[in-house]
Amino acid sequence: MICSHVSNEACFAKVPLFEHLAPSEANLLTSLLQTRHYHKGDYVVQEGERSDTLYVIHQGSVKLCKYTEAGKEHIIRFLFAGDFFCQDALLHQMPHPSNAEVLENSAICSIHKHGFDQLLAYDPKLAYSFLLALSKRLHETDEWNSSLRAMTTEQKIAKLLLDFHMRNHAKPEMRLPVFKKDMALLLGITPETLSRKLSSMQRQRLLQVNGSDIRILQLERLQGMIS
């Protein structure tokens, strides 16, 4: 982990929670943020650790995961630019319920509880915005978990690819932002099953797959699989 040259202004500019700040509020936030660069494989936090810090991803990606007593990994969520995590630590100073592992070289901003409380005192409306952001996160998580339980393997893969597609600004060509083995773990399938299903989707001319590079050929058909 090293210091990054990414500006704090650039970091929070991508975060919906902070996008409507007045100039004076933005200046205060800039003074309170710290920005660091993490290498692939670094842990931002680990399960059971205590802290009072909120993290925001500016560049790169992170996976939240836990390990069973037998050492089996369980992936909870993938996070990308604009996403935040460790809000429970910020609000309640609880031990982190999961590991936050960096999937690629990433720039991540952080704000400590004392600084965040300063910001809320300066503009109480931010507390409401933060509650809305947390509510949206919980809704998305609940919707994701409930929909996956009722889906076939093909539908699960289509849903995840469409999520990546939207995060890639709806461009047809994209590079998978995570390893295929991590995709498989999140979806509850084996890497072999994932590869086999991607090959099948390619034969159906839904996708063009070349390693980690995927081009969506028939977006409407892919969307129709999960509607």
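Let us start at a single residue: Cys86 counts as buried, because its relative accessibility is 12%. The model you are looking at is a predicted one, and Cys86 makes a handy entry point into it. You can find Cys86 in the loop between strand S7 (84–85) and helix H3 (87–92). Its backbone deserves a look as well, since phi of Cys86 is near 70°, a positive value in a residue other than glycine. As a rule, most residues other than glycine have a negative phi.

What about a partner for this cysteine? A disulfide is a covalent bond between the sulfur atoms of two cysteines. To count as one here, the two sulfur atoms must lie within 2.5 Å, and by this rule the count comes to 0 disulfides. Cys86 is in no disulfide, and the nearest cysteine sulfur, that of Cys65, is 12 Å away. Seen from the other side, the closest cysteine sulfur to Cys65 is the one in Cys86, and the 12 Å between them is too far for a bond. Cys65 is also buried, because its relative accessibility is 0%.

Now step back to the whole protein chain. How many helices and strands does it have? There are 9 helices and 12 strands. Along its principal axes, the C-alpha trace spans about 55 × 40 × 35 Å. A compact globule of 227 residues would have a radius of gyration near 17 Å, and the 19 Å of the protein chain agrees with that. Of the 227 residues, 44% are buried. Contacts tell us about the fold too: among those with a separation of 6 or more, 71% join residues 24 or more positions apart.

Next, consider the outside. The accessible surface of the protein chain comes to about 12,200 Å², and carbon and sulfur atoms account for 52% of it. As for charge, the protein chain carries 26 positive and 25 negative side chains, and the centres of these two sets lie 7 Å apart.

With that overview in mind, a few more residues are worth a visit. Lys72 sits in the loop between strand S5 (61–67) and strand S6 (73–80). Is Lys72 buried or exposed? Lys72 is exposed, because its relative accessible area is 58%. Leaving aside residues up to four places away in sequence, Lys72 touches Lys66 and Tyr67.

Another loop residue is Arg205, which lies between helix H8 (191–203) and strand S11 (207–210). Arg205 is not a glycine, yet it has a positive phi of about 65°. Unlike the buried Cys86, Arg205 is exposed, with a relative accessible area of 52%.

Our last stop is in a helix. Ala26 belongs to helix H2 (residues 23–32), and Ala26 counts as buried because its relative accessibility is 16%. From Ala26, follow the chain to Tyr38, 12 residues apart from it in sequence: the C-alpha atoms of Ala26 and Tyr38 are separated by 24 Å.

Conventions. Residues numbered from 1 in each chain as written. Predicted model: local features only at pLDDT ≥ 70, side-chain atom pairs only at ≥ 80, totals over all residues. Heavy atoms only, no water. Helix = DSSP H or I, 4+ residues; strand = E, 2+ residues; numbered from the N terminus. Rg over C-alpha atoms; globule rule 2.2 N^0.38 Å. Buried < 20%, exposed > 50% of the residue type's maximum accessible area, 1.4 Å probe, protein only. Contact = heavy atoms within 4.5 Å. Areas by Shrake-Rupley, 256 points an atom, 1.4 Å probe, with all protein chains shown as cover. Lys, Arg positive; Asp, Glu negative; His and termini not counted. Charge placed at Lys NZ, Arg CZ, Asp CG, Glu CD.
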